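Biologist: Could you take me through one part of this model slowly, and then carry on to whatever else helps me picture the fold? I am happy with a long answer.

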Amino acid sequence: MHYLDHAATTALRPEALAAMQRQWQQVGNPSSLHNAGRQARRTVEESREQIADLIGAKPADIVFTSGGTEADNLAVKGIARSGSKRRVLISAVEHHAVLDPADALVQEGFLVERIPVDADGRVDLVALASLLDDEVALVAVMWANNEVGTIEPIAEIAQMCAQRGIPLHSDAVQILGDPQFEVAAVPSVALSAHKVGGPVGVGALVLDRNLDVKPLIHGGGQERDVRSGTLDAAGIAGFAAALAAPAVDTRPLRDELITGIRQAVPDAILNGDPVRRLANNAHFSFPGCPGDALLMLLDAAHVAVSTGSACTAGIPQPSHVLMAMGADEAAARSSLRFSLGWNSTGEDVLAAVDALPKAVERARRAGGRR
Ligand code: PLP
């Protein structure tokens, strides 16, 4: 099988597995006071320091969660609910882990507005500037888009928000692992372990300690009372080990993949910012070709890719990301995401490029276009 869906989840890195195995052989709750508990606490705190060091954060700002979804929910709902302001601005291309908690806030009387993006999926800074005022409780703009791979102008957005004293949350789930990524001046950042070769079910919110946040989960008061629940010492150790594992630059393979797809299917259209894009992402529209049919045809040829957009009750939805970028519904349904990871090879790229022309032709026939 040629797995080209690393943006959905990537294989566990051996370093992460080894770190988890070491911790699984121990007993001890990191909150317990005895020696066994203190050993588990040491694992957690060393991992926290290691992760912080690798992303340019303060260890005390890291709040461990059950993954990116929980980190996004905690930031969006927790920050918005902590004050009296009632406007929430989110980019139109956010992952559902941000979109849906923001929509849930509408029931509580918040006014949630979408910040538009351009045809490459980049947030429109002029539009954002015109939306900012003293009633804004929170701005959420993802660091990089999980579908089309566009990297957002986060430094500029952070500056605009800081000038007005407005908290900014950024979902950095897809860019974590890029050696150039640093949380820098963004006060709230969501991370997930399983996108970088750590375990599923572990993540973090990197949250400035000066920022007020209402917890979503109440209980034992772990994680500075912001997020209760027994800490998963083994999972956290796996997260840190995955992040500390040697970085793999997927750019050369990504560029080979983009060039190969363009040659194999000359009318394929690359989506997202052609330059400021994730190192592992190639996202294409194939005109007249239903994306879900193409996905299944490639799967039959042992090439695993994604349409990148969500399903509701098993029914594929047109991508809200592509629609926000100006695509019509047909175009938004005719795209595929190819994403590379730390163990991707040139053979994976060749297999995808070789399988595409026939799959595209058959999917077009199925979609009524020859
Ligand atoms: N945010 C983005 C941009 C993602 O791509 C994902 C995963 O698909 C998530 C959040 C959710 O992360 P997790 O699977 O750890 O809950």
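Modeller: What follows starts with helix H3 and its partner, then turns to a second helix pair and three single residues.

Please keep in mind that this is a predicted model. Helix H3 covers residues 68–80. Its 13 residues, at 1.5 Å a residue, should span 18 Å, and the C-alpha atoms at its ends are indeed 18 Å apart, so the expected and modelled spans agree.

How much of H3 is buried? The helix is mostly covered, with 12 of its 13 residues buried. The buried set includes the charged side chains you might want to click on: Glu 70, Asp 72 and Lys 77. Also buried are Gly 68, Ala 71, Asn 73, Leu 74, Ala 75, Val 76, Gly 78, Ile 79 and Ala 80.

Part of the surroundings of H3 is helix H4, residues 96–106. The two helices pack at an angle of about 30°, and their axes are 8 Å apart. Angles under 35 degrees count as roughly parallel, and therefore H3 is roughly parallel to H4. The crossing of H3 with H4 is right-handed. On the H3 side, the contact is made by Thr 69, Asp 72, Asn 73, Val 76, Lys 77 and Ala 80. The H4 side brings Ala 97, Val 98, Pro 101, Ala 102, Ala 104 and Leu 105. Sorted by class, this contact has 8 nonpolar, 2 polar and 2 charged residues. For the spacing along such a helix, it helps to recall that an α-helix has 3.6 residues a turn, so residues three or four places apart point the same way.

A second pair makes a good companion view. Helix H2 (residues 35–55) and helix H7 (residues 233–244) also pack at about 30°, with axes 9 Å apart. That angle makes H2 roughly parallel to H7. Here, though, the crossing is left-handed. From H2, the residues that meet the partner are Ala 40, Thr 43, Val 44, Ser 47, Gln 50, Ile 51, Leu 54 and Ile 55. From H7 come Ala 233, Ile 236, Ala 237, Phe 239, Ala 240, Leu 243 and Ala 244. This contact divides into 12 nonpolar and 3 polar residues, with no charged ones.

Now for the three single residues, beginning with Arg 277. This arginine lies in the loop between strand S9 (269–270) and strand S10 (281–285). Its relative accessible area is 3%, and because the cut-off for buried is under 20%, Arg 277 counts as buried. Arg 277 and Val 148 are 129 residues apart in sequence, yet their C-alpha atoms are 8.1 Å apart in space. Leaving aside neighbours within four places in sequence, the contacts of Arg 277 include Val 148, Gly 149, Thr 150, Ile 151, Arg 254 and His 283.

Asp 5 sits in the loop between strand S1 (2–3) and helix H1 (14–24). With a relative accessible area of 13%, Asp 5 is buried. Beyond its neighbours within four places in sequence, Asp 5 is in contact with Ala 304, Val 305, Ser 306, Arg 337 and Ser 339.

Asp 348 belongs to helix H12, residues 346–366. At 9% relative accessibility, this aspartate is buried as well. The C-alpha atoms of Asp 348 and Val 303 are separated by 7.9 Å, with their positions 45 residues apart along the chain. Not counting residues up to four places away in sequence, Asp 348 touches His 2, Tyr 3, Leu 4 and Asn 343.

Terms used. Residues are numbered from 1 along each chain as its sequence is written. This is a predicted model: local features need pLDDT of at least 70, side-chain atom pairs count only at pLDDT 80 or more; totals for chains, interfaces and linings use all residues. Side-chain values use heavy atoms; hydrogens and water are left out. Helices (H or I, at least four residues) and strands (E, at least two) are DSSP runs, numbered from the N terminus. Buried means under 20% relative accessible area, exposed over 50%, partly exposed in between (1.4 Å probe, protein chains only). Contact means heavy atoms within 4.5 Å. The expected span of a helix is 1.5 Å times one less than its number of residues. Axes are lines fitted to C-alpha atoms, for helices over the stretch in contact, and angles run from 0 to 180 degrees between N-to-C directions. Angles under 35 degrees count as roughly parallel, over 145 as roughly antiparallel, 65 to 115 as roughly perpendicular and the rest as oblique. A crossing is left-handed if the near helix is turned anticlockwise from the far one by less than a right angle, and right-handed if clockwise.
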